[in-house]
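Trainee: I am new to this structure and should like to understand how its descriptive terms are justified. May we go through them one at a time?

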Amino acid sequence: MSVNLDPVDLRSTITRLKRARGQLDGVIRMLEEGRDCEEVVMQIAAVSKAVDRAGFTVIATGMRACLAAGGEDEVLDVTRLEKMFLSLS
């Protein structure tokens, strides 16, 4: 089953990803400037967490859409769902 995601449902996730993009640009600048390793790693961890949370939100939103739209003849593909979750780990 294929589900199209509604951008309105993901508005906060899109905002989170845009913020993470800005943070990533900052990390790149920090590396180019030769900043302290600990500072850089902390910022990379923050970007990574933001992107991971966005990914989980996309999966959860997709699940809700699947369950809301699914009829009796449609089954949520558990294997695909597990693969999506594991791709974020």
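**Terms and their grounds**

Mentor: Let us begin with Glu 33, which has a relative accessible area of 54% and is exposed. Please bear in mind that the model is predicted.

Trainee: What makes Glu 33 exposed?

Mentor: The term exposed requires a value over 50%. Glu 33 has 54%, and therefore it is exposed.

Trainee: Why is Arg 35 called partly exposed?

Mentor: Partly exposed covers the range between the limit for buried, under 20%, and that for exposed, over 50%. The relative accessible area of Arg 35 is 38%, so Arg 35 is partly exposed.

Trainee: How do you know that Glu 33 and Arg 35 meet in a salt bridge?

Mentor: The criterion is a side-chain nitrogen of Lys or Arg within 4 Å of a carboxyl oxygen of Asp or Glu. For the side chains of Glu 33 and Arg 35, the N to O distance is 3.6 Å; the pair therefore satisfies the criterion.

Trainee: What makes the pairing of Glu 39 and Arg 35 a salt bridge?

Mentor: Here the N to O distance is 2.8 Å, and the cut-off is 4 Å, so the term applies. Glu 39 itself has a relative accessible area of 34% and is therefore partly exposed. Salt bridges with shared partners join Glu 33, Arg 35 and Glu 39 into one network. In the whole structure, a search finds 2 salt bridges.

Trainee: Why is Thr 61 counted as buried?

Mentor: Buried means under 20%. Thr 61 counts as buried because its relative accessibility is 5%. Thr 61 has its place in helix α2, which covers residues 37-69. Leaving aside neighbours within four places in sequence, Thr 61 is in contact with Leu 5, Asp 9 and Leu 10.

Trainee: Which term suits Asp 52, and why?

Mentor: Asp 52, also in helix α2, has a relative accessibility of 27% and so counts as partly exposed. The C-alpha atoms of Asp 52 and Leu 17 are separated by 9.8 Å, while the two residues are 35 apart along the chain.

Trainee: Where does Leu 17 lie, and what makes it partly exposed?

Mentor: Leu 17 lies in helix α1, residues 11-32. Its relative accessible area is 38%, so Leu 17 is partly exposed. Apart from neighbours within four places in sequence, Leu 17 is in contact with Val 51 and Ala 54. From Leu 17 to Ala 54, the C-alpha distance is 6.9 Å, with 37 residues separating them in sequence.

Key:
Residues numbered from 1 in each chain as written. Predicted model: local features only at pLDDT ≥ 70, side-chain atom pairs only at ≥ 80, totals over all residues. Heavy atoms only, no water. Helix = DSSP H or I, 4+ residues; strand = E, 2+ residues; numbered from the N terminus. Buried < 20%, exposed > 50% of the residue type's maximum accessible area, 1.4 Å probe, protein only. Contact = heavy atoms within 4.5 Å.
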